[in-house]
Amino acid sequence: MDAVTQAMADLFVRRADPYTPARTLREAGPVHRTPIGLHLITRYADCATVLQGNDWSHADEAGQLHPSVDPERAAEEMPTSFLWMDPPDHTRLRGLVSKAFTPRTVAELRPRIEALVTELVDRALAAGEFDLVELIAYPLPLTIVCELIGVPAADHKAVQTWSQDLARGFDPDVLMTPETHEARSTAAREFMRYFRALIDARRAEPRDDLLSALAAVEDRGDVLTETELLTTCVTTLVAGHETTVNLVANGLLALMRNADQWELLRAHPEYVPSAVNELLRFDPPVQMTTRSAKKPMTVAGHDFAEGDGVVVLVNSGNRDPEVFPDPDRLDVTRYHDRRDPAARHLAFSLGIHYCLGAPLALLEMEVLLAELVRRVTVMEPLTDEPQYKANLIVRGLSALPVRFA
Ligand code: HEM
């Protein structure tokens, strides 16, 4: 097997280190065609061009990723959310949702996030040795996004399970078993059933939550339909915690493996906001995203035909030495200098689909990290080889046994 084919296999199958195969691919060239016909984009500048380009669709590549899924059946189970739409539909829906999910909504969550973080760190320190994924990484974003939307505490566990099954379902079909497909379908049906009932309840009796706000949102006479409301709730719930879980777990593991950076942060808590962005660059929770060409065009010297699908390798772009000096080094000060910050990482994407929840994810991680550097002196993994979930795209640890003191 030649080096590029081997690197592609490693990138798609091995989870612990996608960065070594990503480097091999990036150094070998800007575009590589995969056996399933998608093209991998490896360099930062080309990733940015695709994400910001008007001629790349986020609505049409599903068929290439999920050839075994019947589109009609999939649409019945879970209609498409605006994440997988192009303008003008995307513009309209994102505009409506942004009216309910504002920077103020996020800022108002700070006291609740701080209280929850204190509670979780208390529990962790009392336990001493524990699974960081179970005790901190899941409960923090899951609780916050559920409370934000208005999902009652008794249902958090159920929505967590459905979310995991849906997030796994983003991966290309070739990497999934019939069982994981089935689990994805079941989760989609259960989610829709669940939110239908919750929406009815909020319409009858609105509360101070995002669901009630979304149900009431209106822009020049335009409102969200029942289906749009449903898919928006599911997208916000899944995107709002499956990703942040990985930021917390992958990010803290990176700090444990780079003890000098952890000590630097403890000595300089003012680096926390920079550290959060650096952790997102260094080990992004969403490792890649896809687009398809709306018309024939040339990117990175490669001619794409209309309909050609590409995989924007966030994990590779974020380690491109043309843009990030010494890219494999974790440097918590990289984003600190506001007059001369490092280039924007790709972890939240770029362009029209730029993550709507980025301010919330940043806030959660900043509050957590600030609390940890203040109260935890010893933070170490209890294994050299923590296990990863099977997920390729939304990649993260399934468990991380650690010791805190
Ligand atoms: C560390 C945490 C997070 C990461 C790494 C992340 C990453 C991303 C990425 C990469 C995209 C764009 C995908 C693409 O271009 O194909 C995206 C979109 C989105 N994210 Fe996040 N996300 C995070 C947290 C959140 C949170 C907390 C929420 C909401 C509570 C959220 C809601 C959304 C929504 C609604 C979209 C769709 C935006 C659009 O299509 O216009 N995300 N996110």
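Mentor: Two residues are in contact if their C-beta atoms, placed from the backbone, lie within 7 Å. This is a predicted model, in which local features need pLDDT of at least 70, side-chain atom pairs count only at pLDDT 80 or more, and totals for chains, interfaces and linings use all residues. Residues are numbered from 1 along each chain as its sequence is written.

Trainee: Among contacts between residues at least 6 apart in sequence, what percentage join residues at least 24 apart?

Mentor: In this chain, 72% of them do.

Trainee: How many helices and strands does the chain have?

Mentor: Both are DSSP runs, numbered from the N terminus: helices are H or I over at least four residues, strands E over at least two. The chain comes to 19 helices and 12 strands. Its radius of gyration, taken over C-alpha atoms, is 21 Å, close to the 22 Å from the globule rule (2.2 Å times the number of residues to the power 0.38) for 405 residues, so the chain is as compact as a globular protein of that length.

Trainee: In what order do the 5 strands of the open sheet lie?

Mentor: Two strands pair if DSSP finds at least two bridges between them. The order here is 1-2-10-7-3, with mixed pairing. Strand 1 (31-33) and strand 3 (56-57) are the edges, each pairing on one side only. Strand 1 runs antiparallel to strand 2 (residues 39-41), joined by 3 bridges; R33 has H39 as its bridge partner in strand 2.

Trainee: Which helix lies across strand 2, strand 3, strand 7 and strand 10?

Mentor: For angles, axes are lines fitted to C-alpha atoms, for helices over the stretch in contact, and the angle runs from 0 to 180 degrees between N-to-C directions. Helix 3 (residues 44-52) lies across those strands, at about 125 degrees to strand 10 (309-313).

Trainee: How many residues of helix 15 are buried?

Mentor: A residue is buried if 20 or more other C-beta atoms lie within 10 Å of its own, exposed if 12 or fewer, and partly exposed in between. In helix 15, 13 of 16 residues are buried. Over the whole chain, buried residues make up 45% of the 405.

Trainee: How many residues are in the largest nonpolar core?

Mentor: Such a core is a set of buried Ala, Val, Leu, Ile, Met, Phe, Trp, Tyr and Cys residues joined through C-beta atoms within 7 Å. The largest has 109 residues, and V248 is one of those with the most contacts inside it. Helix 19 (residues 358-375) supplies the largest share, 8 residues. Leaving out residues up to four places away in sequence, V248 touches I136, A137, L140, M365 and L368.
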